[in-house]
Amino acid sequence: MHEVYSYIDFRNQKHSNFSGLKRIDKRDYPEVAIREALLNLIVHREYSYSASSFVRMYTDRIEFTSIGGLLKGITLEDIQLGISVCRSPKLANIFYRLELIEAYGTGIQKILDSYSESEFKPQFVTTENAFKIILPNLNYQKKSIKIREDIIVYDCPENKILEYAKTHTQFSRKDVQDTFNLSQTTCGRILSRMKEEGQISQHGKGKNTFYIIKEKK
């Protein structure tokens, strides 16, 4: 649990803005929300299945998915009201004795409270055999730019790179990095995502690596 928390916390970036002369720092995700979602993932999952739990980090959100849906008779509305029926009382008791859990049934409410002043709200998704908590990135914004009355595009790095690629037969990571003033890490992450989504293709190796845009069929 500590290793996973440290991994997420290291990537939980801090952004600053100013209100007059006062600087206001805000991290992408409230620490309490990450903590409670991770505890829920471990304590309340169904351990009779060997399948793994998942923590998936995206640009705009983190998803915590555990095996085991809500216990029979309990609804999403119930748990948001603080009602909790523990699946593994002995495990929960261990975490309580370790002072990692303060009281049963308070985790979901703490997550909701940590987003109370934000327009973004956590989401809870349940199926018969799984439970997912989705924490939105508080600092993620897509700025919409209206080009025509019937067309809306988003001012995001992928669209800018695609426009750049249309005027270049091929391009390298360094080309994109210098053109859009991106860090090497950020540029690499964006290009990898675009490649996975089939927007561009990668060719060559090492320093000779280059990318070309994929034409839509």
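**Exercise 1. Two helices that meet**

Task: In this predicted model, find which residues of α6 meet which residues of α8, then work out how the two helices are oriented.

Solution:
- Step 1. Start with the residues: from α6, look for Pro157, Glu158, Ile161 and Leu162, which meet Ile190, Leu191, Arg193 and Met194 of α8.
- Step 2. Sort the residues of this contact by class, and you get 6 nonpolar, 2 charged and no polar ones.
- Step 3. Now look at the axes, which lie 11 Å apart and make an angle of about 75°.
- Step 4. Angles of 65 to 115 degrees count as roughly perpendicular, so α6 is roughly perpendicular to α8.

**Exercise 2. A group of rings**

Task: Count the aromatic pairs, then describe how Phe171 pairs with Tyr164 and with Tyr211.

Solution:
- Step 1. The count comes to 3 aromatic pairs.
- Step 2. One of them joins Tyr164 and Phe171, with ring centres 6.0 Å apart and planes at 80°. Planes over 60 degrees apart count as edge-to-face, and that is the label for this pair.
- Step 3. Phe171 also pairs with Tyr211, at 6.0 Å centre to centre and 25° between the planes. Planes under 30 degrees apart count as stacked, so Phe171 and Tyr211 are stacked.
- Step 4. Place this second pair along the chain: Phe171 is in the loop between α6 (157-166) and α7 (173-179), while Tyr211 belongs to strand β10 (residues 210-213). The two are 40 residues apart, and their pair links distant parts of the chain.
- Step 5. Check burial: Tyr164 and Phe171 are both buried, and Tyr211 is buried as well.
- Step 6. Put the rings together: Tyr164, Phe171, Phe180 and Tyr211 make up one aromatic cluster.

**Exercise 3. Arginines over rings**

Task: Which rings have Arg11 and Arg56 over them?

Solution:
- Step 1. Find Tyr7: the charged end of Arg11 sits over its ring, 3.7 Å from the centre.
- Step 2. Next, find Phe54, where Arg56 lies over the face of the ring at 4.4 Å from the ring centre.

**Exercise 4. Buried or partly exposed?**

Task: Decide whether Thr65 and Val4 are buried or partly exposed, and list contacts for each beyond four places in sequence.

Solution:
- Step 1. Thr65 is part of strand β4 (residues 61-67). Its relative accessibility is 14%, and the cut-off for buried is under 20%, so Thr65 counts as buried.
- Step 2. Beyond its neighbours within four places in sequence, Thr65 contacts Leu41, Ser53, Phe54, Arg56, Phe131 and Lys132.
- Step 3. Val4 belongs to helix α1 (residues 2-11). With a relative accessible area of 35%, Val4 is partly exposed.
- Step 4. Not counting residues up to four places away, Val4 touches Leu38 and Val55. Val4 and Leu38 are 34 residues apart in sequence, yet their C-alpha atoms are 8.3 Å apart in space.

**Exercise 5. Positive phi**

Task: What is the sign of phi in Glu99 and Asn181, and where do these residues lie?

Solution:
- Step 1. Recall that most residues other than glycine have a negative phi.
- Step 2. Glu99 has a positive phi, near 60°. Glu99 is found in the loop between α4 (89-97) and α5 (107-114), and counts as exposed at 69% relative accessibility.
- Step 3. Asn181 also has a positive phi, of about 55°. Look for Asn181 in the loop between α7 and α8 (184-196), where its relative accessible area of 72% makes it exposed.

Key
Residues are numbered from 1 along each chain as its sequence is written. This is a predicted model: local features need pLDDT of at least 70, side-chain atom pairs count only at pLDDT 80 or more; totals for chains, interfaces and linings use all residues. Side-chain values use heavy atoms; hydrogens and water are left out. Rings of Phe, Tyr and Trp (its six-membered ring) pair if their centres lie within 6.5 Å; planes under 30 degrees apart count as stacked, over 60 as edge-to-face and the rest as tilted. Buried means under 20% relative accessible area, exposed over 50%, partly exposed in between (1.4 Å probe, protein chains only). Helices (H or I, at least four residues) and strands (E, at least two) are DSSP runs, numbered from the N terminus. A charge sits over a ring if NZ of Lys or CZ of Arg is within 6 Å of the ring centre and within 35 degrees of the ring normal. Contact means heavy atoms within 4.5 Å. Axes are lines fitted to C-alpha atoms, for helices over the stretch in contact, and angles run from 0 to 180 degrees between N-to-C directions. Angles under 35 degrees count as roughly parallel, over 145 as roughly antiparallel, 65 to 115 as roughly perpendicular and the rest as oblique. Ala, Val, Leu, Ile, Met, Phe, Trp, Tyr, Cys and Pro count as nonpolar, Asp, Glu, Lys and Arg as charged, and the others, Gly among them, as polar.
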